[in-house]
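User: Please pick one part of this structure and describe it closely, together with what lies around it. State the cut-offs behind each term as you go.

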Amino acid sequence: MLKSINLSFQYSGAPSISFPDFTAEQGDQWLILGPSGSGKTTLLHLLGGLLSPSTGNITLDDFHYSAFSPAKLDKFRGENIGIVFQKAHAVQSLSVMENLLLAQQLGGKILDKKKIMNLLERLQIAHKANQKPNRLSAGEQQRVAIARAVINQPRLILADEPTSALDDKNSTEVQNLLKESADAVNAILLVVTHDNRLKATFPKQLLLK
Ligand code: ADP
Ligand code: MG
């Protein structure tokens with residue numbers, strides 16, 4: 001279970017942003033909506049342990065990780081949280097396979113090429129395993145980002161505007177792949193977006209003002 005209580009964040013010199021309290025059960029899939037500048041990316045970075053809240057706390061399965069030291073938090077994130085960033089985050093000098101091996105290493109997992117190939121097959125990019133990410137289309141790059149986020153079977157999957165740069169067909173596919181990947185490991189899925197095409201398929205929605 002993911003729980004965030006009394007959460008706020010303040011960038012230096014800017015007004016404080018407060019977030020609604022929020023609870024998600026394992027297996028829940030939430031859409032977090034709000035106009036540009038409403039704090040969607042900030043919330044996702046707080047939940048992902050990439051920013052420390054100014055007030056409030058966040059727990060996942062009773063681990064109060066928003067209070068962890070940076071080193072402990074890095075380890076916790078690698079093992080429990082998968083993040084699909086707004087911009088492609090793959091290491092461009094490494095192949096798709098090598099990027100996923102790196103993700104396994106950073107998550108403290110055994111390096112398992114067969115597991116990676118199975119995942120790439122499910123995401124329909126197995127034939128790109130030895131390519132560098134920048135040789136892939138936008139839709140394929142987003143599948144690599146999903147693969148990186150889910151390879152270690154996280155408890156929590158966070159995705160920041162995963163479909164905004166995609167056409168309708170790829171948007172639908174990436175959305176379905178995220179949901180299937182989360183279902184496969186019973187993870188909590190939180191998708192942050194201003195893309196109204198996603199509204200119809202997520203019954204649970206949180207609106208940021
Ligand atoms: P969204 O993802 O919904 O567009 P953000 O979380 O990116 O919103 O931004 C929320 C608010 O915080 C905006 O007013 C934005 O200008 C501000 N902001 C975002 N990043 C920074 C930063 N690094 N420094 C100062 N202000 C920031
Ligand atoms: Mg954003």
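Analyst: In the lining of the largest pocket, α3 has the largest share, with four residues; helices are DSSP runs of H or I with at least four residues, strands runs of E with at least two, both numbered from the N terminus. The model is predicted: local features need pLDDT of at least 70 and side-chain atom pairs pLDDT 80 or more, while totals for chains, interfaces and linings use all residues. Residues are numbered from 1 along each chain as its sequence is written, chains are lettered from A and ligands numbered from 1 in the order written, and side-chain values use heavy atoms, without hydrogens and water.

The largest pocket holds about 470 Å³ of space. On a 1 Å grid over the protein atoms alone, a pocket is an open set of points with protein on both sides within 12 Å along at least five of seven lines, and lining residues have an atom within 4 Å of a point. A volume is the space filled by probe spheres set on the points, which are joined across faces, edges and corners. Its lining has 19 residues, and those nearest the centre are Arg77, Gly78, Ile81, Leu106 and Arg148. Besides α3, the elements that supply at least two lining residues each are α2, β6 and α5. By class, this lining has 10 nonpolar, six polar and three charged residues (Ala, Val, Leu, Ile, Met, Phe, Trp, Tyr, Cys and Pro are nonpolar, Asp, Glu, Lys and Arg charged, the others, Gly among them, polar).

Next, the helix α2. It covers residues 70-80, and its buried residues are Leu73, Phe76, Arg77 and Asn80; buried is under 20% relative accessible area, exposed over 50%, partly exposed in between, with a 1.4 Å probe and protein chains only. Seen down the axis of α2, these buried residues fall within an arc of 100°, so they line one face of the helix; the arc is taken over the directions from the axis to the C-beta atoms. An α-helix has 3.6 residues a turn, so residues three or four places apart point the same way. Turned away from the buried side of α2 is a face that carries the exposed Ala71 and Lys75. The cover over the buried residues of α2 includes β5 (55-60), β6 (81-84) and β7 (156-160). Arg77 thus has two entries here: buried in α2, and among the residues nearest the centre of the largest pocket.

Arg148 also recurs. Two cavities of 30 Å³ or more are found in the whole structure; a cavity is a set of grid points where a 1.4 Å probe fits but cannot get out. The largest cavity encloses about 100 Å³ of space, and Arg148 belongs to its lining, which also includes Ile83, Val84, Phe85, Gln141, Val144 and Ala145. β6 and α5 (138-150) each give at least two residues to this lining, and α5, with four residues, has the largest share. Eight nonpolar, three polar and one charged residues make up the lining of the largest cavity.

The second largest pocket has a volume of about 190 Å³. Gln141 and Ala88 are in its lining, along with residues including Gln86, Lys87, Glu161, Pro162 and His194; both also line the largest cavity. Five nonpolar, five polar and two charged residues form the lining of this second largest pocket.

α5 matters to one more count. The largest nonpolar core has 35 residues, and Leu120, Ile146, Leu178 and Val191 have the most contacts inside it; such a core is a set of buried Ala, Val, Leu, Ile, Met, Phe, Trp, Tyr and Cys residues joined through side-chain atoms within 4.5 Å. α5 gives six residues, the largest share of this core. Leu178 touches Val84, Ile146, Ile157, Ala159, Pro162, Leu189 and Val191, leaving out residues up to four places away in sequence; contact means heavy atoms within 4.5 Å. Apart from this core lies another, of 28 residues, with Leu73 and Phe76 of α2 among them.

Finally, the loop between α5 and β7 contains Gln153. Gln153 is partly exposed, with a relative accessible area of 45%, and has a positive phi of about 50° although it is not a glycine. Outside its neighbours within four places in sequence, Gln153 is in contact with Lys115 and Val185.
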